[in-house]
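User: I'm new to reading protein structures, and strands and sheets still blur together for me. Could you take one part, look at it closely, and then walk me outwards from there?

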Amino acid sequence: AKIIGGYISGSDTLRLGESMYLTSTGLGINESSPPQRLTVGGDIQIGFNTPNDAGRQLNFNVNRGSAGQTLANINWQWNSKNVAQVRGVAGADTTNKDDGHLAFFTSAANSLVERLRITSGGDMGIGVADPTTKLHVRQSAVTSAPTRLSTLYLENNANCEIQFVGNSSNDCQLRFGTSSNSFKGAIEYELDNNNLIHYTNGTERLRIDSSGHMGLGV
């Protein structure tokens, strides 16, 4: 059949084939009352059964005016309640509109909360929306004690490693601090001199040199 013109209004439904329904709300596939512009009652495949040499894309194209606004959401629902979400967020360049962030949300009690964000610069924040380093972890303060506010837990059946890799002119540093003072303490390795240095309160307290000699306050 060929449809030349016309429109759908009110509660009218145009049935196309065995499983396609066109209403004033949208198009439903295996769904006679689509709540959105396109509602599919089943799985979706993008591409051909026999793949060819071409990448596939799913594009969300919007024009927002302010930094931090939502560009698009991908939602996971359980019984019509949002339980997880991936969100595209507008970046700071509202003139060129060519930067953005990626945010990940989960819900513990029917309330989506941002858990992880990757900024336009590639920095990753866990529990923080404005990470200042490549990996920035923040956990809200709790009243029960004793509780470690931030924990990095590594588990492996073999050896567990955290590696700091730099070039010969840059030192590697594990730093401890607060929101107001990022350099309360640190462990630093000088890659050019092979010295291991320990700091407290921002001051060097102990040094082990490449020969194994140890200096306290020197």
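Analyst: Let's start with one pair of residues: isoleucine 187 stands opposite histidine 198 in β13. Keep in mind that this is a predicted model, so read every position as a computed one.

Zoom out a little from that pair. β12 and strand β13, which covers residues 195-200, pair in the antiparallel sense over six bridges. The two strands make a hairpin, with four residues between them. In that turn you'll find asparagine 194, whose phi is positive, about 60 degrees.

Now look at the other partner of β12, which itself spans residues 185-190. Strand β11 (residues 172-176) pairs with β12 over five bridges, again in the antiparallel sense. Here the pair to find is phenylalanine 176, which stands opposite glycine 185 in β12. If you wonder what holds such partners together, strands of a sheet pair through backbone hydrogen bonds, either parallel or antiparallel.

Carry on past β13 and you meet another asparagine. Asparagine 201 sits in the loop between β13 and β14 (203-208), and its phi is near 50 degrees, a positive value in a residue other than glycine. Is asparagine 201 buried or exposed? It has a relative accessible area of 53%, so it is exposed; the cut-off for that word is over 50%.

Asparagine 110 makes a nice companion. Its place is in the loop between β7 (100-107) and β8 (112-118), and its phi is near 60 degrees, positive although the residue isn't glycine. Asparagine 110 counts as exposed because its relative accessibility is 54%.

Those two strands, β7 and β8, lead us to an open sheet of six strands, ordered β5-β6-β7-β8-β9-β10, with mixed pairing. At its edges are β5 (70-78) and β10 (135-137), each pairing on one side only. From one strand to the next, the twist averages 20 degrees.

Let's go closer at the β5 end. Eight bridges join β5 to strand β6 (residues 81-90), and the two run antiparallel. One pair to trace is tryptophan 76 and its bridge partner in β6, alanine 84. Right after that alanine comes glutamine 85, also in strand β6. Glutamine 85 counts as buried because its relative accessibility is 5%, and buried means under 20%. Its side chain makes a polar contact of 2.6 Å with the side chain of asparagine 75, and another, of 2.8 Å, with the side chain of arginine 87.

Tryptophan 76 has a second story, out on the surface. Together with Ile44, Ile46, Leu58, Phe60 and Ile74, Trp76 makes a nonpolar surface patch of about 660 Å². Leucine 58, one of that group, lies in the loop between β4 (38-40) and β5. At 59% relative accessibility, leucine 58 counts as exposed.

And β4 takes us to our last stop, an open sheet of four strands in the order β1-β2-β3-β4, with mixed pairing. β1 (13-16) and β4 are its edge strands, each with a single partner, so one side of each has no neighbour in the sheet. The twist here averages 15 degrees from one strand to the next. Three bridges join strand β3 (residues 27-29) to β4, and this time the strands run parallel. To see that pairing for yourself, find glycine 28, which stands opposite threonine 39 in β4.

Note on methods: Residues are numbered from 1 along each chain as its sequence is written. This is a predicted model: local features need pLDDT of at least 70, side-chain atom pairs count only at pLDDT 80 or more; totals for chains, interfaces and linings use all residues. Side-chain values use heavy atoms; hydrogens and water are left out. Two strands pair if DSSP finds at least two bridges between them. Axes are lines fitted to C-alpha atoms, for helices over the stretch in contact, and angles run from 0 to 180 degrees between N-to-C directions. Patches are made of residues with over 30% relative accessible area and no salt bridge: like charges are joined within 9 Å, nonpolar side chains (Val, Leu, Ile, Met, Phe, Trp, Tyr) within 5 Å. Accessible areas come from the Shrake-Rupley method with a 1.4 Å probe; for residues, only the protein chains shown count as cover. A salt bridge is a side-chain nitrogen of Lys or Arg within 4 Å of a carboxyl oxygen of Asp or Glu. Buried means under 20% relative accessible area, exposed over 50%, partly exposed in between (1.4 Å probe, protein chains only). A polar contact is a pair of N or O atoms within 3.5 Å; within protein, one must be able to donate a hydrogen and the other to accept it, and residues adjacent in sequence count only if both atoms are side-chain atoms.
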